[in-house]
Amino acid sequence: MAELRFSNTHEWVKVDGKEALVGISDYAQHSLGDVVFVDLPSVGDTFSAGDEFGAIESVKAASELNIPIGGKVIAVNDALLDHPETINKDPLNTWLIKIEVASPIDLSHLLTLEAYEKIAK
Amino acid sequence: MKYDKLIFELSVPGRIGYTLAETGIDKVDLTKIYPDQLLRQEAPRLPEVGELDVVRHYTNVSKLNFGIETGFYPLGSCTMKYNPKINDEAASQPGFRNIHPLQDETTLQPLLKLYDDTAKMLSHIAGMDATSLNSFAGAHGELTGLMIMKAYHERRGDSKRTKMIIPDSAHGTNPASAAMLGYECVTIKSTPQGLVDIEALKAVLSEEVAGIMLTNPNTLGLFETDILEISRLVHGIGGLLYYDGANLNALLGVARPGDMGFDIMHMNLHKTFSTPHGGGGPGSGPVSVKGHLAHLLPHPRIVLKNDRYIIERDGDSIGQIGGFFGNFLVVVRAYAYLKSFGRELNAIGPLAVLNANYVKEKLRHAYHLPIDAHYMHEFVFNGLIDQSTGIKTLDIAKRLLDFGVHAPTIYFPLLFDQSIMVEPTEVESKATLDHFIDLMLRIAKEAIEEPDCVKLAPHFTPVGRLDEVKAARNPILNYRDYVKSI
Amino acid sequence: MHRYLPHTSEEVSAMLASLRLRSIEDLFTHLPQQVRFHDAYTSDAPLSDGQIRDLMARSGGQVLVPFRGFGSYDHERPAIIDAIASRQEFLTSYTPYQPEVAQGTLQYIFEFQSIVCELTGLDVSNASMYDGATSAAEAMMMAVNVTGISRILVASDLLPHVIETIKTYAHFRGVAIDLISFTSDGQLDFNQLTELSKTPFAAFLVAYPNRYGIIADYQDIQQLVHQSGALLIAYADLLALSVFKQPASFGADICCGEAQSLGIPLSFGGPYVGYLATINKYVRKMPGRICGITLDNRGQRSYVLTLQAREQHIRREKANSNICSNQSLMALQATIYAVTLGKTGLRQVAISTISATRYLHEQLIKTQLFTQPFKQHFAFETTLDYVGPIIELNQRLIKRGYLGGMPLGEHRTVFYASEKMSKQTIDAFVNAIKECHDEIR
């Protein structure tokens with residue numbers, strides 16, 4: 001859990017060597033309500049930190065997803081197409097995309113879980 | 001049990017619901033005229049039903065609906081007033097209904113006069129100089145109005161104006177319309193009193209601003225008392241003011257947007273001017289402008305020239321925004337409405353405002369009024385004062401349905417998270433309002449003493465709460481897919 | 001006092017008293033005085049229902065026998081359409097945001113969507129659009145959103161008011177348009193299309209049938225468009241789709257158009273009803289309302305507006321479109337028409353209309369006053385060139401109570417005949433033309 005870092009737009013990133021997983025926070029899934037659809041990018045798409053990489057939709061809201069750090073998409077969680085509710089059930093363990101991280105990796109603008117939980121109320 | 005049949009499920013092969021007039025003309029054999037690749041290979045799977053089947057079906061389906069004539073319908077920002085029957089009768093005249101839109105003006109003079117007279121009456125009510133009736137709905141009028149604003153700056157050779165200022169209390173169509181035209185939306189926060197924050201406005205004004213979109217009274221039902229100052233500031237940097245006419249009902253007999261400094265506006269005939277909502281259309285969203293922008297109104301235009309009405313299609317304009325002249329039969333209804341009021345039109349705004357304030361005062365000890373101010377024709381509560389049992393606005397709305405009253409607007413404006421926006425309109429009597437007040441107080445009491453009754457409402461409507469998540473996760477949007485899914 | 005305003009002066013006094021105000025004017029003292037409007041809007045007396053009736057009877061246009069279509073088609077309308085659509089539960093209700101008391105509206109929208117899918121062959125339809133012209137503009141913007149390319153190709157043989165509307169939307173949205181010419185051979189310029197498709201574009205919008213009444217095969221065009229990575233949008237007449245090949249079968253990604261020919265009266269142009277349908281892949285990119293099936297908490301099959309997160313009231317500036325209303329009541333009318341005529345009837349109407357137009361065409365050719373410029377297959381309308389001045393012919397026809405064909409230039413005209421017209425009606429019209437022609441010469 002300690003390796004999760006959060007952006008102030010409520011996404012998290014978990015870096016593991018040259019790769020990273022991206023997902024949304026518990027606060028985000030709670031605000032959205034039941035997730036009905038996730039619009040994810042394609043494998044091969046590249047983004048810079050802060051770029052919009054997709055969108056997430058519930059019955060009452062839709063929100064863009066912003067990538068906390070830059071990189072190239074190497075995998076997309078297709079299971080979410082049929083089971084978007086997994087995001088609500090276990091947001092911190094449900095990844096949306098896996099990226100090959102652009103170097104150098106800069107996490108300085110991101111928050112630790114403790115710091116994030118203070119601002120996300 | 002509620003009536004639960006789709007028309008497709010009533011189909012019996014071989015049954016017909018029509019009589020085709022015999023014309024004495026031989027019917028062609030399509031296969032002898034057209035090549036195979038142009039022809040449909042199978043008949044469309046439409047139902048085969050008799051005329052009585054259709055009538056019974058839709059009669060039963062209609063009974064699942066609540067209309068204005070069923071009961072009180074206090075939807076904030078929608079102005080659900082009585083839709084007079086004479087207006088429907090007026091619109092069904094053959095001289096309106098059987099007229100082709102591409103007929104020559106010589107065959108249309110009285111009709112074009114009615115159309116032009118309506119535009120002139122609306123201009124006068126708006127305090128504007130010219131009105132187009134071509135837009136089909138409020139949102140369409142908004143889009144048209146913003147196109148006029150954009151064209152105005154374009155013709156001045158000013159390409160810097162890329163921003164549109166919109167208050168955070170605005171209706172969703174405002175930023176959507178602005179974005180559709182490529183504007184960057186700059187949102188300004190409201191003051192704690194619910195009004196446009198003048199300092200916040202000053203901070204975002206620059207020569208990159210095309211204009212500001214405002215509703216007045218605003219979506220909280222509060223009159224923007226600083227409107228003249230806002231007008232001065234926005235005009236000062238070369239921007240224009242756009243008025244969203246959703247709340248115009250409050251101003252009939254009280255004030256005119258044109259006198260407040262607005263340059264462009266739309267109004268909603270299906271709100272302020274009593275034309276029926278139709279379950280979601282057809283409406284009509286006329287656009288009115290000050291004289292210096294009149295040349296930009298959409299084509300085609302009806303113009304009086306040398307005592308004759310002509311249809312103008314050439315010359316300066318933003319162009320066409322739809323097929324013909326707008327929702328003409330809706331315009332006819334509004335015309336009849338204005339004629340049925342005559343000089344009494346001035347009474348509407350004051351009575352609408354009286355009704356809203358009366359209801360607000362009687363309920364504010366049970367429902368939380370977040371902003372204590374002078375309201376106009378609508379007001380916003382932020383849920384119950386006593387929220388200890390967890391009863392939310394949604395629950396209150398659903399419980400009202402059990403009592404034969406349509407719920408007010410809920411969860412809008414977004415400024416409060418338990419918004420309940422109530423707009424009684426001027427057509428409701430004190431007795432109706434007192435009944436509504438009693439129901440709301442009863443629900444407030446139930447919320448504390450029998451919360452489940454409210455939480456699980458509605459109990460007496462044809463259907464209960466719907467699984468919207470299921471509908472959005474696995475959308476089944478037509479009969480063919482429904483059959484596949486079962 | 002007024003029949004729509006219930007307040008008596010006693011009631012007003014009581015209500016003011018409960019607000020601790022002395023007069024109505026006290027409700028407005030917080031408004032700046034400079035913006036107050038104290039005049040009467042008019043000095044006219046309120047009119048009674050009878051007076052309004054008389055006024056309306058004097059205000060109508062001249063009803064003519066319409067041999068003109070061009071986007072607005074006269075057909076027979078079963079009496080039950082108005083009887084059902086004027087029920088207050090349908091007529092006066094609001095958008096179904098409280099679905100528990102709006103199942104009526106939601107159900108017929110679901111039926112409308114189903115009918116549009118059945119006729120077009122496409123996967124999903126929305127709850128309707130304002131009209132055909134704006135549906136084309138919205139379809140164009142949908143394609144731009146899907147592809148991210150701000151350029152579209154548009155067939156010149158679409159109805160002029162459709163093209164003009166698209167041009168307006170495109171101009172203000174910053175979308176470039178290239179028109180593909182319609183040649184004197186009666187078809188789209190394929191070479192020009194090939195050239196212009198070399199630069200990326202979002203979609204090609206074609207007419208089915210076109211403004212001249214011609215119904216064309218788009219198989220080759222579809223191939224070229226898809227190979228270029230663009231979408232094919234068909235602007236199609238729903239009545240025509242009961243007999244002609246569905247746009248889905250020739251590869252249309254989006255199908256849109258005007259549904260007025262399904263039981264909506266001419267109405268001097270409105271209210272009409274547009275439609276928009278697409279393939280499953282783009283369902284979340286569709287503008288407008290969409291109704292879906294679900295269950296309620298009592299286990300009953302129910303209907304609800306869905307995928308609302310794409311719409312303006314939630315998504316605001318990121319919405320697919322700013323559309324708030326559809327043309328619900330008109331969609332109801334079109335639905336009643338389509339189900340009443342049904343599987344066999346709609347085709348019969350289409351065939352009868354085609355037969356009438358063909359009969360008119362033959363009789364006009366026989367007069368030797370008209371030649372046929374295009375040899376392609378025509379459906380509900382036929383384009384002919386008159387030997388004389390068409391405007392003058394039309395003016396004389398008006399005096400005889402006829403709306404002649406749509407004039408395009410000095411001699412060209414587009415004729416329409418409907419299933420309502422008997423052989424005698426058409427023969428009388430042709431005779432009238434002969435008489436008018438003699439007068440002109």
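Q: What makes the surface between chain C and chain B count as buried area, and how much is there?
A: Buried area is the accessible area, found with a 1.4 Å probe, that two parts lose on being put together, summed over both. Chain C and chain B bury about 16,800 Å² between them, with 63% of it on carbon and sulfur atoms. On the side of chain C, the residues that lose the most area to chain B are C:Y41, C:F172 and C:F268, together 6% of what that side buries. The model is predicted, so that local features need pLDDT of at least 70 and side-chain atom pairs count only at pLDDT 80 or more, while totals for chains, interfaces and linings use all residues. Residues are numbered from 1 along each chain as its sequence is written, chains are lettered from A and ligands numbered from 1 in the order in which they are written, and side-chain values use heavy atoms, leaving out hydrogens and water.

Q: How many residues of chain C and chain B are in contact?
A: Contact means heavy atoms within 4.5 Å. By this rule, 189 residues of chain C are in contact with 198 residues of chain B. There are also 91 residue pairs in polar contact between these chains, both residues at pLDDT 80 or more. A polar contact is a pair of N or O atoms within 3.5 Å; within protein, one must be able to donate a hydrogen and the other to accept it, and residues adjacent in sequence count only if both atoms are side-chain atoms.

Q: Why is the pair C:D44 and B:K339 called a salt bridge?
A: The term requires a side-chain nitrogen of Lys or Arg within 4 Å of a carboxyl oxygen of Asp or Glu. In C:D44 and B:K339 the closest N and O atoms are 3.9 Å apart, and therefore the pair meets the rule. Across the interface of chain C and chain B, the rule finds eight salt bridges.

Q: What makes B:R473 and A:E85 a salt bridge?
A: Their closest N and O atoms are 3.7 Å apart, so the pair satisfies the cut-off. Across the interface of chain B and chain A the rule finds one salt bridge. Four residues of chain B are in contact with seven residues of chain A, and the two chains bury about 470 Å² between them. B:V469, B:A472 and B:R473 supply 86% of the area that chain B buries against chain A.

Q: How do you know which parts of chain C are domains, and what lies between them?
A: The bounds come from an automatic or database domain assignment, which gives domain 1 (65–72 + 343–440) and domain 2 (80–337). Their C-alpha centres lie 29 Å apart. The contact takes 22 residues from domain 1 of chain C and 27 residues from domain 2 of chain C. The area buried between these domains is about 1,900 Å², and the rule finds zero salt bridges across their interface.

Q: Why is C:C255 in no disulfide?
A: A disulfide is a pair of cysteine sulfur atoms within 2.5 Å. The nearest cysteine sulfur to that of C:C255 belongs to C:C256 and is 6.6 Å away, so the pair fails the rule. A search of the whole structure finds zero disulfides over all chains.

Q: Why is C:C291 called buried?
A: Buried means under 20% relative accessible area, exposed over 50%, and partly exposed in between (1.4 Å probe, protein chains only). C:C291 has 0% relative accessibility and therefore counts as buried.
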